[in-house]
Amino acid sequence: MNVIPLALYAGALVAYIWHFTKRQPTIGRTATTLLMLAALAHTFLIGMETMQAGHIPVTNASSAISTFVWLLVLSYLYTEMTTEERAMGAFILPLVVALQTIPALHPGVEDRADVLQGPLFGIHVSSLLFAYASFALACVIGITYVLLFTEIKAKHLGFFYARLPSLQVLDTMNQRAIAVGWLFLTIGLIVGVVWALQAPGYDPRVQAMSLEDPKIFVAFVCWGVYSFEAFAARRIGWGGRRAAYLSAVGFAIVLLNFVPISYFLTRSHNF
Amino acid sequence: MPLLLVGVSHRTAPVELRERLDFQARGLEQALHRLSERNLTQEAVVLSTCNRAEIYAVHEGDPDTARQHIVDFISRFHEVDRALLAPHVYSAGDLEVARHLFRVSAGLDSLVVGEPQILGQVKDAHTTATSAHTSGPVLNRLFHASFAAGKRVRTETALGSGAVSISFAAVALSRKIFGELKGRSVLVIGAGEMGKLTALHMKSQGVQQVTIVSRTLSHAARTAEAIGGASAAPWEELDTVLGAADIVITATGAASPILTKAHIETVMRPRRHRPLFIIDIALPRDVEAAAGELEQVFLYNIDDLQATVRENLARRTGEVQHAETIVGEEVERFGAWLRSRGAIPTVVALRQHFENVRRSELNRLAANLPPDTRQRVDDISRLLIEKLLLSPTEQLKTAADAETVALFSDALTRLFGLSASSSDDTGTTTVDRDNVRRRVEPFVRRNTKG
């Protein structure tokens, strides 16, 4: 089922890249329409899975990735609508397509263990997924910032100079995405800790919940990195390009935690 | 009714002559009225900018004579000797007029290719002619088609993209770094003319705070006053104002750099490394080149800006071919419309012929019918004619070329014996032609919508 949104995302990816190079308004509108259709199909899919399982499909890695992609696309569409800036789509959609390939090829079975019941668990997972979606946006914005920065610095005003918004706009968008992401990351982690404290102790996964578990450890590393970026970096002169690099590093850690660690390493979050 | 263009532009005439041919100065509306009063033209639009003076006209009869008349008119109107004027005048007929105007609207014929103002000037020229009642159906159509062509070229090609002057390049770069320039502050070091001009340009683009620093405070104060709304600061406060500025323009006559890398580095720290854009337009340079290596410092000297201007010009040139293709398509479309007008006299004559037959038969047969029956016969016969004529008129309107139109017209004229009425242009009086136009225009408009 995840194949249908994937195909539409792939179509939108082609259209966004085409629009980015050709800069024709009609192609741009086509790209947005395709992405909206994809988001609609994805919403429908997630809605069906929610009805089937009785909760948002997040209890195994594949469906969590699918939900994450869905949130990322919705956040991106919101950004596009509010800023009327389509250039970023060409950078976001490769990530969307790459990640959506995982649930499309390897659909997870949504069965919820008793231990995963309750509103706290839902808040924990959806906050974190939303935080990660924000960080993904921040990372992509950071990459475009560096591309534009390099062109201006090298005095070669070319491809990206003609297509991207100003450095100031990119920097502000990056800061906002980091701030929103940090807030939800913090909420997600706190709720996660509270949930683990009250969870029944017979489950082996709950027993494995400590800072020594790679997934939990890396999540706190992430929190450290993003806290630094959100509160300290600019005060010591790490604005602009350095903040952009930091967003990329932060999201690389998020991805590491999200895909390989979830599938292979963690014992506490192996759903 | 052939189209004609007569004019001079920066391509054919020196600026001394163009100045003397400025219609704006001598009264555009007066020129339009004189053009129509003397029966020189049926329709006229005058396009007069600093780079061109052109008359677009719809005339009757021989194009060469009409051309001579218009050249005479220009010469008399501007009191310029005809012999002086004639070698610089160019002219064009029919679809070449359309091609020329579309290229002008698209900015292809401009001094700086792709410059944006010309489209507005073409629109103004048409508006003036419309309010002076000298533009008619053909020129209206021509000018609206030229607006469409100009707009298409602007949206579908990069012909108008990129700054092509130093000060615009500086503003465009500032925008790319800072976004909106509103609320940004500019520091000008040096009280000379170049710095003042760049600062004025920045101010016109929304910069609110401009500070001038010069070795002599009174010079700085004078320049600040000349800019208006700017402030002057003494040389000793350079570091303080440097810390507050976003954009720095250096334009002093100093022989050695006044801002070194080390100096700027000390300023950057209290700024918390907010971006600093330095435009060094002085020769010799005022800022040490190594300062550009500092993170968050963007240093451009006059050569760098010139290089971006050259790149932009080259990019525009690369888009010319694409723009010409668009112009070609629009000319084609206008040509189709113009050809469809060639069929109008035949269409009108044909309809008139049918109507005459209908009326005479109606009068003969229905004279002694009761009024309501007569009314019904009248309606039905009218409807019948409409339906019968639908296909032939469509065929005439959409004929692919002038030969086909002529062939069809000829056939219809012979088959229905129309020649006596009005397919022959010379046989009609002015009043007749007006009637023809009035009757036929709605039908043409309906055609173009569908």
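The following exercises, with worked solutions, concern a predicted model of two chains, A and B.

Residues are numbered from 1 along each chain as its sequence is written, and chains are lettered from A and ligands numbered from 1 in the order in which they are written. Because the model is predicted, local features need pLDDT of at least 70 and side-chain atom pairs count only at pLDDT 80 or more, while totals for chains, interfaces and linings use all residues.

**Exercise 1. Chain A**

Task: Describe the secondary structure and burial of chain A.

Solution. Step 1: Helices (H or I, at least four residues) and strands (E, at least two) are DSSP runs, numbered from the N terminus. On this basis chain A has 10 helices and zero strands.

Step 2: A residue is buried if 20 or more other C-beta atoms lie within 10 Å of its own, exposed if 12 or fewer, and partly exposed in between, with C-beta atoms placed from the backbone. Of the 271 residues in chain A, 44% are buried.

Step 3: Two residues are in contact if their C-beta atoms, placed from the backbone, lie within 7 Å. Among contacts in chain A between residues at least 6 apart in sequence, 79% join residues at least 24 apart.

**Exercise 2. The nonpolar cores**

Task: Identify the residues with the most contacts inside the largest nonpolar core, and the element that gives the most to this core.

Solution. Step 1: A nonpolar core is a set of buried Ala, Val, Leu, Ile, Met, Phe, Trp, Tyr and Cys residues joined through C-beta atoms within 7 Å. The largest such core has 117 residues, and Ala12(A), Tyr132(A) and Val186(B) have the most contacts inside it.

Step 2: Helix 5 of chain A (residues 119–153) gives the most to this core, namely 18 residues.

Step 3: When neighbours within four places in sequence are left aside, Ala12(A) is in contact with Ala31(A), Leu34(A), Leu35(A), Ala38(A) and Leu93(A).

Step 4: A second, separate core has 50 residues, among them Ala13(B), Leu28(B), Tyr56(B) and Ile74(B).

**Exercise 3. The interface**

Task: Characterise the side of chain B that touches chain A by element and by residue class.

Solution. Step 1: In the interface, 18 residues of chain B are in contact with 18 residues of chain A.

Step 2: On the chain B side, two or more residues each come from helix 8 (137–156), helix 9 (166–178), strand 10 (297–301) and helix 14 (302–342). Helix 9 of chain B provides the largest share, four residues.

Step 3: Ala, Val, Leu, Ile, Met, Phe, Trp, Tyr, Cys and Pro count as nonpolar, Asp, Glu, Lys and Arg as charged, and the others, Gly among them, as polar. The chain B side then comprises five nonpolar, six polar and seven charged residues.

**Exercise 4. The sheets of chain B**

Task: Give the strand order and the edge strands of the two open sheets described here.

Solution. Step 1: Two strands pair if DSSP finds at least two bridges between them. The sheet of six strands has the order 7-6-5-8-9-10, with parallel pairing. Strand 7 (231–233) and strand 10 of chain B are at its edges; each has a single partner strand, so one side of each lacks a neighbour in the sheet.

Step 2: Within this sheet, strand 5 (residues 185–189) and strand 8 (residues 247–250) of chain B pair in the parallel sense over four bridges. Ile189(B) has Thr250(B) in strand 8 as its bridge partner.

Step 3: The sheet of four strands has the order 2-3-1-4, with antiparallel pairing. Its edges are strand 2 (43–48) and strand 4 (90–93) of chain B, each with a single partner strand. Strand 1 (residues 3–9) pairs with strand 4 of chain B in the antiparallel sense over four bridges, and Leu5(B) stands opposite Ala92(B) in strand 4.

**Exercise 5. Backbone details**

Task: Locate the cis peptide bond and two positive phi values in residues other than glycine.

Solution. Step 1: The cis peptide bond joins Leu283(B) and Pro284(B), with omega about -5°. Pro284(B) is in the loop between strand 9 (276–280) and strand 10 of chain B.

Step 2: Lys155(A) has a positive phi of about 60°. Lys155(A) lies in the loop between helix 5 and helix 6 (159–163) of chain A, and is partly exposed, with 17 other C-beta atoms within 10 Å.

Step 3: His133(B) has a phi near 60°. His133(B) is placed in the loop between helix 7 (117–131) and helix 8 of chain B, and counts as exposed, with 11 C-beta neighbours inside 10 Å.
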